[in-house]
Amino acid sequence: MNNVFLNGICRPWNIHAPSFLALSLRVLGDAKGGVSLSEWREKFSQFVPQRQNMAVDPNGIAHISVHGTLFNKEAPYFVAGYGGTDYDEILADLKKANSDDNVKGVFLSIDSCGGHACGNDRVAQAVAHCSKPVFAYSDGMCCSAAYAIAAGASYIAASPDSTIGSIGTILPLMDVSGLWEAMGVKPDYITNAEGTLKAAGYPPSQSAEERATLQSETQSFFELFKSHVNTYRDVKKEDMRGQAFVGNSALKAGLVDEICDKNSAYNKLCILTR
């Protein structure tokens, strides 16, 4: 595996960066040697910033990282390759914090653009029902699925230049019918006789009926997201249209409780848990 990997990185490439990452992931995914997420994180750490493990400091505060794209039970090499976080990692950390008598509070450090809709509510609910006070802080991004996780925290703070919100759900599809036609490619999906919607989401384009069922699925995920935010935060409907807010705008919209530096937020939690 090392020879394959070094053969890829120890030479010049004229290549699009995301494409090279995808190629690297494929090579590493086919290689032997890495089985756990922690092992894959170690392999990728010199190329992509990785999520930090939970640590409990002398004040009894458990520091939990919500970092990068959020994945639901994705392949370990994929999560590490993109410097993301698997939902199960956060759940495991919260479980440890809840069961540790030395832990007085939880400090969530969030820098994430969001991620998978499936699995997101489990983590959001775990944060909201944590037996210890939870403070969430972001000095980067706290958007979409990441904001759902923060929403149930006891207190949310952010830096002046943080990006907060993007409350919404998206199913990204592309109409590639023109490209397929130019290439002479014609789709021919065979489903069971009753499966009139089985090909919904498959390229090159969607019929009105297929689009309606995909819209319904996307709306269902959003309703779950919106309900959670409404339970724990006072955010207006017009501020939940998928837009993001920077710093003080997020405070004004009620998405966060305070704009401050990370130490100030941490000290508030320490005072609360004395």
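**Note on the pockets, cores and Asn230**

1. Helix 9 supplies six residues to the lining of the largest pocket, the largest share of that lining. The model discussed here is a predicted one. Besides helix 9, the elements that give two or more residues to the lining of this pocket are helix 6 and helix 7.

2. The largest pocket holds about 520 Å³ of space. Its lining is made up of 25 residues, and those nearest the centre are Gly115, His116, Ala117, Thr169 and Ile170. Sorted by class, the lining of the largest pocket comprises 12 nonpolar, 11 polar and two charged residues.

3. The second largest pocket has a volume of about 280 Å³. It is lined by 13 residues, with Leu171, Leu173, Gln206, Arg211 and Leu214 closest to its centre. Six residues of this second lining are nonpolar, five are polar and two are charged.

4. The largest nonpolar core contains 41 residues. Within this core, Val106, Leu108, Tyr147, Ile149, Ile167 and Leu255 have the most contacts. At least two core residues come from each of strand 2 (61-67), helix 5 (87-99), strand 5 (105-112), helix 6 (120-128), strand 6 (134-143), helix 7 (145-151), strand 7 (155-158) and helix 9. Helix 7 is the element that gives the most, with seven residues. Helix 6, helix 7 and helix 9 thus appear both in this list of core elements and among the elements lining the largest pocket.

5. Leu255 deserves a separate entry. Apart from neighbours within four places in sequence, Leu255 is in contact with Tyr147, Ile156, Ile164, Gly165, Ile167, Arg233, Val235, Phe245 and Ala250. Two of these partners, Tyr147 and Ile167, are also listed with Leu255 among the residues with the most contacts inside the largest core.

6. A second core, separate from the one above, has 11 residues, including Phe135, Ala157, Tyr266 and Leu269.

7. Asn230 belongs to helix 9, which covers residues 208-232. Is Asn230 buried, partly exposed or exposed? Its relative accessible area is 41%, and because buried means under 20% and exposed over 50%, Asn230 counts as partly exposed.

8. Which residues does Asn230 touch, not counting those up to four places away in sequence? They are Val235 and Met240. Val235 is also a contact of Leu255. Asn230 and Gly152 stand 78 residues apart along the chain, and 9.8 Å separates their C-alpha atoms.

Conventions: Residues are numbered from 1 along each chain as its sequence is written. This is a predicted model: local features need pLDDT of at least 70, side-chain atom pairs count only at pLDDT 80 or more; totals for chains, interfaces and linings use all residues. Side-chain values use heavy atoms; hydrogens and water are left out. Helices (H or I, at least four residues) and strands (E, at least two) are DSSP runs, numbered from the N terminus. Buried means under 20% relative accessible area, exposed over 50%, partly exposed in between (1.4 Å probe, protein chains only). Contact means heavy atoms within 4.5 Å. A nonpolar core is a set of buried Ala, Val, Leu, Ile, Met, Phe, Trp, Tyr and Cys residues joined through side-chain atoms within 4.5 Å. On a 1 Å grid over the protein atoms alone, a cavity is a set of points where a 1.4 Å probe fits but cannot get out, and a pocket is an open set with protein on both sides within 12 Å along at least five of seven lines; lining residues have an atom within 4 Å of a point. Grid points are joined across faces, edges and corners, and a volume is the space filled by probe spheres set on the points. Ala, Val, Leu, Ile, Met, Phe, Trp, Tyr, Cys and Pro count as nonpolar, Asp, Glu, Lys and Arg as charged, and the others, Gly among them, as polar.
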